[in-house]
Amino acid sequence: MAYTRSYNKHEQKLVERDKEMVPTILVRAMFVLCVCVLIIVAYARLTDRPLAAMPPSEAEVPAVQERMIRIFGQMDGSARVLDLNGSLILDLGPTEGGFVAGIYRVLERERGAVGRHASEPIRLVRFSDGRIGLRDDLTDFRAELFGFGADNERVFARMLEE
């Protein structure tokens, strides 16, 4: 014998409301969107479509200034940047070094995956078109610093000038 429950008027309103919390048309639209994205990605992969939103390579835009630096960051946001001789370039406190310390943590993760130390030198490069970037020859890590805001890019520009 099947059990059926009877609802009072207030409970029935809640049951009806709960059935329509996510409209069926919205669920179908999300499914169609996922299928469309899958088709577009599959087409791009099968036709070897080149990446379109990448900054120019070093072969296309030459470097005009380069400096090897060592970054040391702390979890509190403070960071120190040294040159290859061990001379201090920048010493940033917790309130001003958060981005540089964040770059150190990224290097820690990237280099840790290949068995290297995060504090090994990394290339800080200014390109002929004015961009400033970080290039890690140990892991193929690249960071275009203009994408992180003018203030963060300015910190690394200062490192090139000192």
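Me: In this predicted model, how many of the 162 residues of the protein count as buried, and what makes a residue buried?

Reply: Of the 162 residues, 30% count as buried, a label that requires a relative accessible area under 20%.

Me: How do you know whether the protein is spread out or a compact globule?

Reply: The radius of gyration is 26 Å, whereas the globule rule gives 15 Å for 162 residues, so the protein is more spread out than a compact globule. Its C-alpha trace spans about 85 × 45 × 35 Å along the principal axes.

Me: Why is the contact between E66 and R123 called a salt bridge?

Reply: The N to O distance between the side chains of E66 and R123 is 3.2 Å, and a salt bridge requires a side-chain nitrogen of Lys or Arg within 4 Å of a carboxyl oxygen of Asp or Glu, so the pair qualifies. Because E66 lies in strand 1 (residues 63-73) and R123 in strand 4 (residues 122-127), the pair ties together parts that are 57 residues apart in sequence.

Me: What makes R123 buried or exposed, and which label does E66 receive?

Reply: R123 has a relative accessible area of 12%, which falls under 20%, and therefore counts as buried. E66, at 43%, lies between the 20% and 50% limits, so E66 is partly exposed.

Me: How do you know that R123 also forms a salt bridge with D137, and where does D137 lie?

Reply: The closest N and O atoms of R123 and D137 are 3.3 Å apart, which is within 4 Å. D137 lies in the loop between strand 5 (132-135) and strand 6 (142-144), 14 residues apart from R123. At 56% relative accessibility, over the 50% limit, D137 counts as exposed.

Notes
Residues numbered from 1 in each chain as written. Predicted model: local features only at pLDDT ≥ 70, side-chain atom pairs only at ≥ 80, totals over all residues. Heavy atoms only, no water. Rg over C-alpha atoms; globule rule 2.2 N^0.38 Å. Buried < 20%, exposed > 50% of the residue type's maximum accessible area, 1.4 Å probe, protein only. Helix = DSSP H or I, 4+ residues; strand = E, 2+ residues; numbered from the N terminus.
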